[in-house]
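Trainee: I should like a close look at a single part of this structure, taken together with its surroundings. Please describe it in one connected account.

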Amino acid sequence: MSYKYYSFIIKYNMTTLSQLILGETGCVSYIVFCKKRRECAIVDSFEGFEEDIHEELKRLEFPIVKYVIDTHTHADRKSASGYFAEENGLDGIVKSEITKYKGKKVGTKDGDILKIGNTELKVLYTPGHTYDHNCYLVEDNLLSGDCLFIGDVGRIDLGGDPREKTEMLYNSLRRLEQLPGDTKVYPNHVGAVHAIDSEDKFSTISKEMKDNEALQVKDVKEFYTYMTEGWPPKPDNWEEIMAYNLK
Ligand SMILES: [Fe+2]
């Protein structure tokens, strides 16, 4: 087993969130699991780490995989969501309806609700890092993808129009700030590999509003400067990875 897992109880009626930190990559997959109805959703799975998902499904005693979900089209790692959608005989990957993904997909709109047993997963369309970015809210837990990290936000310079994407991200962050302060934040990346200083594995909205540098910038022009200056190098082969993830 190459992943480290943390399991959180997120609802009194036996729903859990498994956080799978994938080896040394700092990338994170999640499984939302309703124990009572034995249904689950896999969020942001990656090639090369399929076994980690399988191990966790085994640990959960093989629930029905109802949804396979991507928060967005990844640029740093190949998605395994197509593989898991097919393995579980699903209609396709759950993604934002505006995605350019050409494979089988279940398109979502902002505010859509996906039922996983007794649990509801609410779609929040939060573009910026990519045009097709969704966050997913499960009770008071936000799967924040690459929109909001612990102490940071997702870069906007991997394709598209940086000004437009900066403005989108700015508005998406303002929207996340409207969530209750104790909403927990579970990002798609954690730790030093992703230039994230904090060693925490999750955060809260109020903590991020207080500590996250990007959330202190409350002027969209200043935010453009923030989003376009001093970022680490782009991931290797990001254009090819993105093209692969759109096939
Ligand atoms: Fe990303």
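Mentor: Let us start from one residue pair: Leu20 stands opposite Ser29 in β3. The model is a predicted one, and this pair belongs to the hairpin of β2 and β3. Strand β2 covers residues 15-22, strand β3 covers residues 28-34, and the two are joined in the antiparallel sense by seven bridges. In general, the strands of a sheet pair through backbone hydrogen bonds, in either a parallel or an antiparallel arrangement. Between the strands of this hairpin lie five residues, and Gly23 adopts a positive phi near 50°.

The hairpin can next be considered in terms of burial. Seven of the eight residues of β2 are buried, which leaves the strand mostly covered. As for β3, the largest nonpolar core of the model comprises 57 residues, and Tyr30, Val32, Ala41, Ile42 and Val68 are those with the most contacts inside it. To this core β3 gives the most, with six residues.

Val32 shows what surrounds this part. Residues up to four places away in sequence being left out, Val32 touches Leu17, Cys40, Ala41, Val43, Ile116, Thr119, Leu121 and Val138. Among these partners, Leu17 falls within the range of β2, residues 15-22. Ile116 falls within β8 (113-116), while Thr119 and Leu121 fall within strand β9 (residues 119-125) and Val138 within strand β10 (residues 134-138).

Those contacts lead to a second sheet region. Six strands form an open sheet in the order β8-β9-β10-β11-β12-β13, and their pairing is mixed. Its edge strands, each of which pairs on one side only, are β8 and β13 (203-204). Within the sheet, β9 and β10 run antiparallel and are joined by five bridges; Val123 stands opposite Tyr136 in β10.

Farther along the strand order, Leu142 lies in strand β11 (residues 141-145). Leu142 has 26 other C-beta atoms within 10 Å and is therefore buried, the threshold for that class being 20 or more. Neighbours within four places in sequence aside, the contacts of Leu142 are Cys135, Leu137, Leu179, Thr183, Lys184, Val185 and Tyr186. Of these, Cys135 and Leu137 fall within the range of β10, residues 134-138. Tyr186 is 44 residues from Leu142 in sequence, yet their C-alpha atoms are 6.0 Å apart in space.

A helix offers another view of burial. In α1 (residues 50-59), the buried residues are Asp52, Ile53 and Glu56. Seen down the helix axis, these residues fall within an arc of 100°, so they line one face of α1. Glu51 and Lys58, on the other side of α1, are exposed. Glu61, which follows the helix, has a positive phi near 60°.

The whole chain gives the setting for these details. The protein chain contains seven helices and 13 strands. Its radius of gyration is 17 Å, close to the 18 Å given by the globule rule for 247 residues, so the chain is as compact as a globular protein of that length. Along the principal axes, the C-alpha atoms fill a box of roughly 50 × 40 × 35 Å. Of the 247 residues, 46% count as buried. Among contacts between residues at least 6 apart in sequence, 60% join residues at least 24 apart.

Definitions and conventions: Residues are numbered from 1 along each chain as its sequence is written. This is a predicted model: local features need pLDDT of at least 70, side-chain atom pairs count only at pLDDT 80 or more; totals for chains, interfaces and linings use all residues. A residue is buried if 20 or more other C-beta atoms lie within 10 Å of its own, exposed if 12 or fewer, and partly exposed in between; C-beta atoms are placed from the backbone. Helices (H or I, at least four residues) and strands (E, at least two) are DSSP runs, numbered from the N terminus. Two strands pair if DSSP finds at least two bridges between them. A nonpolar core is a set of buried Ala, Val, Leu, Ile, Met, Phe, Trp, Tyr and Cys residues joined through C-beta atoms within 7 Å. Two residues are in contact if their C-beta atoms, placed from the backbone, lie within 7 Å. The radius of gyration is taken over C-alpha atoms; the globule rule is 2.2 Å times the number of residues to the power 0.38. The arc is that of the directions from the helix axis to the C-beta atoms.
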